[in-house]
Amino acid sequence: MKDVTPPAATPGRAAKSEQTRTLILETALRLFQERGYDRTTMRAIAQEAGVSVGNAYYYFASKEHLVQGFYDRLAAEHAAAVRPVLAAERDLAARIRGALLIWLDVAEPYRPFATQFFRNAADPESPLSPFSEESAPARAAAVAIQEQVLTGSDTKTAPELADRLPQLMWLGQMGLVLFWVYDRSEHAARSRRLVERTAPVVARAIALSRFRALRPLVRQVHELLDEFLPSPRTPPAKD
C-alpha cells in the first residue's frame, strides 16, 4: 500500500483532515443503512466518498474501525444532549431516566442499520463488542456519563461502591441497548417504557446501599464487581 502519511499538520490541513474523516464516516453510515453492514466494503465506501482506498484506510484501518467511529459519535452526541437534564435535575431516578431516554432519542436515527452491527457485537471476540479493547474510548465516555448521573444527584451511596456503580449502571444501559435492538415497537415505545419502569427501581437500590444493615451485602457486591467487571478503558481479562 502506498504511503499516505500527510505532511505536518497545520490548522488548515487539520480542518481539511477532519472534514475528510467526517465525510468517510458519514458515507459509511449511509451505505450501512442502504446496503447493510456485511455487504458494504471499504472500497465501496471510498468510491462513494470520492477518496482513494488508501486514504480511506488512513483514516479508518478497517470497516470495524468505522463502526468504532460511529460509537464515538454516538457517545459524544449523547454527552451533549444529556447536559440540560443533568443540569436541571438532582433526583437520581429522574437523572437515570433522562440519561437513558436521551440515549434512545440520539440513537433512533441510526436504528435501521445500527441493529445490524450491534448483533455482531454480541460476539465476545468481535472488535465491535462493547467490552473489546477497540471499544475502550467509547466505553469510557459512556461510563463517564453514568458517573455524572450518579455524582450530581442528591442520593448518597455506599462508599465501597462509589468507584464501581457508574460501571454497573453502564452495564444496565447495555441491557437496554440489547432490548432496543430487538424492540420492534414504533419509536422504540417498549424500550422507553422499560426505562420508565426501571429507573426508579435502580435509584432506590442505589440509595438503599448506604444503610448499615445492608453493608455485608454491599461488601459482597463490591467483591463480585472487582472480580468480574471490566475497567472502562480495558477489555475483560481472559481465562
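Of the 239 residues of the protein chain in this predicted model, 43% count as buried. The accessible surface of the chain comes to about 13,300 Å², and carbon and sulfur atoms supply 55% of that area. The secondary structure consists of 10 helices and 0 strands. Among the contacts with a separation of 6 or more, 74% join residues that are 24 or more positions apart.

**Helix α9**

Helix α9 covers residues 189-208, which is 20 residues. From its first C-alpha to its last, α9 reaches 30 Å, close to the 28 Å expected at 1.5 Å a residue. A kink of about 30° lies at T198, shortly before the proline P200. The buried residues of α9 are S191, V195, A199, A203, I206 and A207. These buried residues pack against α5, α7 (136-151) and α8 (165-181).

**Salt bridges**

Side chains of opposite charge can pair when their charged atoms come close. In this model the count comes to 7 salt bridges. Three of them are listed below.

| Pair | Closest N to O distance |
|---|---|
| E26 and R73 | 3.5 Å |
| E34 and R30 | 3.5 Å |
| E108 and R111 | 4.0 Å |

The side chains of E26 and R73 meet in a salt bridge. E26 lies in helix α1 (residues 11-35) and R73 in helix α4, so this pair ties together parts that are 47 residues apart in sequence. E26 is partly exposed, with a relative accessible area of 42%.

E34 and R30, in contrast, both lie in helix α1, 4 residues apart, which is about one turn of the helix. E34 has a relative accessible area of 54%, so this residue counts as exposed, the cut-off being over 50%. R30 counts as partly exposed at 35% relative accessibility. R30 and E34 also belong to a network of salt bridges that links them with R35 and E48.

In the pair of E108 and R111, E108 is partly exposed at 22% relative accessibility. R111 has a relative accessible area of 11%; this value is under 20%, and R111 is therefore buried.

**The loop residue E89**

E89 is found in the loop between α4 (63-88) and α5 (92-107). The residue is partly exposed, with a relative accessible area of 32%. Leaving aside neighbours within four places in sequence, E89 is in contact with A94, R95 and G152. The C-alpha atoms of E89 and D154 are separated by 9.3 Å, although these residues are 65 residues apart along the chain.

**An annotated segment**

An unreviewed UniProt entry places the feature "DNA-binding region" at residues 41-60. In the model, this span is 75% helix and 0% strand, and its end C-alpha atoms lie 12 Å apart.

Technical notes
Residues numbered from 1 in each chain as written. Predicted model: local features only at pLDDT ≥ 70, side-chain atom pairs only at ≥ 80, totals over all residues. Heavy atoms only, no water. Helix = DSSP H or I, 4+ residues; strand = E, 2+ residues; numbered from the N terminus. Buried < 20%, exposed > 50% of the residue type's maximum accessible area, 1.4 Å probe, protein only. Contact = heavy atoms within 4.5 Å. Areas by Shrake-Rupley, 256 points an atom, 1.4 Å probe, with all protein chains shown as cover. UniProt positions renumbered as here; feature names shortened; annotations may be inferred. Expected span 1.5 Å × (residues − 1). Bend = angle between axes of the 7 residues up to and from the residue.
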